[in-house]
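Thanks for making the time today. I would like to walk you through one structure, taking the helices and their packing in turn, and I will try to keep each statement tied to what can be computed from the coordinates.

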Amino acid sequence: MAETDTIKDSDQLVTVASLAKDLLALEIPQTGALLVHSSLSSLGWVSGGAQAVLEALIQSVGRDGTLVLPAHSSNRSDPAN
């Protein structure tokens, strides 16, 4: 599917501003820690892609908050290696 088709099929346009607004509604403490496990594709088409999502998350925790994004790989789970 072409990107333009994906955009047309999206229910709404997802941007840094709209994501930041949604995160603000969650009342995340500006000095707290936010642990994020997400899928970019679950958000639909995001204007700016992964960078936009990161910008919104950074805005949501503020300058004094902590953003934690764990990286897991099922290919590295064998302790023998």
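**Two helices and what lies between them**

Let me begin with the face of α2 that is turned away from its buried side, since that face carries the exposed residues A17, K21, L24 and A25. On the buried side of α2 we find L19, A20 and L23, and when one looks down the axis of the helix these buried residues fall within an arc of 100°, so they line one face of α2. The partner they pack against is α3. Just after α2, E27 takes a positive phi of about 55°.

Before going further I should say that this is a predicted model, with an average pLDDT of 83 and with 86% of the residues scoring at least 70. The confidence is highest in α3, at a mean of 93, and lowest in helix α1, residues 3-9, at 67. Where pLDDT is low, the predicted coordinates should not be read in detail, and I will therefore leave the geometry of α1 aside, given its mean of 67.

Turning to α3, which residues of this helix are buried? They are A52, V53, A56, L57, S60 and V61, and because they cover an arc of only 165° around the axis, they sit on the same side of α3. What covers them includes α2, that is residues 16-25, together with β1 at 33-35 and β2 at 66-68.

One residue in that set that I would like to look at individually is S60, which lies in α3, a helix running over residues 49-61. Is S60 buried or exposed? Its relative accessibility is 9%, and because the cut-off for buried is under 20%, S60 counts as buried. If we leave aside the neighbours within four places in sequence, S60 is in contact with L23, I28, Q30 and L34; of these, L23 is one of the buried residues of α2. Just after α3, G62 takes a positive phi of about 75°.

Finally, a word about the surface, where L54, I58 and L69 make a nonpolar patch of about 240 Å². L69 is found in the segment after β2, and with a relative accessibility of 43% this leucine counts as partly exposed.

Methods. Residues are numbered from 1 along each chain as its sequence is written. This is a predicted model: local features need pLDDT of at least 70, side-chain atom pairs count only at pLDDT 80 or more; totals for chains, interfaces and linings use all residues. Side-chain values use heavy atoms; hydrogens and water are left out. Helices (H or I, at least four residues) and strands (E, at least two) are DSSP runs, numbered from the N terminus. Buried means under 20% relative accessible area, exposed over 50%, partly exposed in between (1.4 Å probe, protein chains only). Contact means heavy atoms within 4.5 Å. The arc is that of the directions from the helix axis to the C-beta atoms. Patches are made of residues with over 30% relative accessible area and no salt bridge: like charges are joined within 9 Å, nonpolar side chains (Val, Leu, Ile, Met, Phe, Trp, Tyr) within 5 Å. Accessible areas come from the Shrake-Rupley method with a 1.4 Å probe; for residues, only the protein chains shown count as cover. A salt bridge is a side-chain nitrogen of Lys or Arg within 4 Å of a carboxyl oxygen of Asp or Glu. pLDDT is the predictor's confidence in each residue, from 0 to 100.
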